[in-house]
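Got the viewer open? Let's take a short walk through this one, one selection at a time.

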Amino acid sequence: MTIPDHVTFECCTEKIDIRDIQEVEAALGMRFPKDFVECMLENNEGAPNPCGFDYGEVEGKVFNTFYSLSSKVGRYYILTAYEDVKECLPDGVFPIGYDASGGQICFDYTNGKNEKPIVVFVNHEFIVTKEDLSEDELEEKSLEEWQREAITPVASSFTDFLSKLY
């Protein structure tokens, strides 16, 4: 994986091992894309610079940092992050990092956990759980449809996401 020339990473933890990543993949029942794995092996829990990105009609969102892919190093472990938000996410959507105001950057495996995911932004202001919805609302739309309203595509791949940072 070649990190785009204009992107560097700051505040990374010590390097992690591929076994750390495989442990996360096994726990989530999926595989991360190769470009993400290669980048995180060198830049675990890194904060990209530049860090601005656009999604939908929103411009200038500030990306903060990626989650740690190791339970041994880092401040915020990816499996802890997933546990914190999994009730608010449709099946196949996994957080990989967060923005400066609490939104989540996620991989969306809508096409299957063995396919390449797209990168999406989950706006924390619009996330819902089943408990947030009435029976009438759940008859109107499925829980997944309600949850997908908080999700906006950002990039077709991890490398594409990094390329779009400004």
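Start with strands E7 and E8 (residues 151–155): they pair in the antiparallel sense over four bridges. To see the register, pick Val119, which stands opposite Ala155 in E8. Keep in mind as you click around that this is a predicted model.

Now add strand E6 (residues 104–108), which pairs with E7 over five bridges, again in the antiparallel sense. Here the pair to show is Ile105 and Phe121 in E7, standing opposite each other.

With those partners on screen, colour E7 (residues 118–122) by accessibility. Four of its five residues are buried, so the strand is largely enclosed by the rest of the structure.

Next stop: Val93, in strand E5 (residues 93–99). Is Val93 buried or exposed? Its relative accessible area is 1%, so Val93 counts as buried, the cut-off being under 20%. Measure from Val93 to Val120, C-alpha to C-alpha, and you should get 8.7 Å, although the two are 27 residues apart in sequence. Then show what touches Val93: leaving aside neighbours within four places in sequence, its contacts include Cys106, Phe107 and Asp108, along with Val122, Ile151, Arg148 and Tyr82.

That last residue, Tyr82, takes us to helix H3 (residues 78–85), where Ile78, Leu79, Ala81, Tyr82 and Val85 are buried. Turn the view to look down the axis of H3: these buried residues fall within an arc of 155°, so they line one face of the helix. What covers them? Bring up helix H1 (18–28), E5 and E6, which are among the elements covering the buried residues of H3.

Conventions:
Residues numbered from 1 in each chain as written. Predicted model: local features only at pLDDT ≥ 70, side-chain atom pairs only at ≥ 80, totals over all residues. Heavy atoms only, no water. Buried < 20%, exposed > 50% of the residue type's maximum accessible area, 1.4 Å probe, protein only. Helix = DSSP H or I, 4+ residues; strand = E, 2+ residues; numbered from the N terminus. Pairing = 2+ DSSP bridges. Contact = heavy atoms within 4.5 Å. Arc of directions from axis to C-beta.
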